[in-house]
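Visitor: I should be grateful for a close look at a single part of this model, namely the surroundings of a few selected side chains. Please set that part in the context of the whole chain and state the criteria behind each term.

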Amino acid sequence: MEVIANTSKPKVRLDEVTLMRCILAILIVFMHSFTCYNGGWEQPAGFIDIPVYKWLSRTSFAFTLEAFVFISGYLFAFQRITLKRTGGGYFADCK
């Protein structure tokens, strides 16, 4: 955790979350790149089926969305519990 204090409010940067977000973004690129190997598109004539690409597409598809939801919940809880931020909007009355 790194605190950036050159602004009016100190900002906290969670390096482990930044790393996870970068890895997940790369996996999403792989997932979209290899969709034809997963059966998402019709395979063109002369298409060579590569099992590693199919595995990579299915594996990245299996947990990327869930991981982003987990990260969002983690950041929400971190702000509420550690930073004592109340937020606003829909969550203004949460205690």
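Guide: The chain has a mean pLDDT of 80, and 80% of its residues reach 70 or more; pLDDT is the predictor's confidence in each residue, from 0 to 100. The model is a predicted one, so local features need pLDDT of at least 70 and side-chain atom pairs count only at pLDDT 80 or more, while totals for chains, interfaces and linings use all residues. Residues are numbered from 1 along each chain as its sequence is written, and side-chain values use heavy atoms, with hydrogens and water left out.

The secondary structure comprises 3 helices and 2 strands, in the order β-β-α-α-α along the sequence. Helices (H or I, at least four residues) and strands (E, at least two) are DSSP runs, numbered from the N terminus. Among these elements, α1 has the highest mean pLDDT, at 89, and strand β1 (residues 2-4) the lowest, at 60. Where pLDDT is low, the predicted coordinates should not be read in detail.

The close look concerns helices α1 and α3. S60 lies in helix α3 (residues 51-82) and is buried, because its relative accessible area is 1%; buried means under 20%, exposed over 50% and partly exposed in between, with a 1.4 Å probe and protein chains only. Leaving out residues up to four places away in sequence, S60 touches L27 and M31, where contact means heavy atoms within 4.5 Å. A polar atom of the S60 side chain also lies 2.9 Å from the backbone oxygen of L56.

S57 belongs to helix α3 as well, and its relative accessibility of 1% is why S57 counts as buried. With residues up to four places away again set aside, S57 touches M31, F34, T35 and N38. M31 thus appears among the contacts of S57 and among those of S60.

Seen from helix α1 (residues 15-33), the residue to consider is I28. I28 counts as partly exposed because its relative accessibility is 26%. Beyond its neighbours within four places in sequence, I28 is in contact with T64 and F68. I28 and L65 are 37 residues apart in sequence, yet their C-alpha atoms are 9.2 Å apart.

For the chain as a whole, residues 24 or more positions apart account for 46% of the contacts with a separation of 6 or more. Of its 95 residues, 17% count as buried. C36 is buried because its relative accessible area is 14%, whereas C22, at 42%, counts as partly exposed. The count of disulfides is 0, a disulfide being a pair of cysteine sulfur atoms within 2.5 Å.

Helices α1 and α3, together with β2 (11-13), are the elements that give two or more residues to the lining of the largest pocket. Its lining includes V17, T18 and R21, as well as L75, F78 and Q79.

Definitions and conventions
Polar contact = N/O pair within 3.5 Å; in protein donor to acceptor, adjacent residues only side chain to side chain. 1 Å grid on protein atoms, 1.4 Å probe; cavity = no way out; pocket = protein on both sides within 12 Å on 5 of 7 lines; lining within 4 Å.
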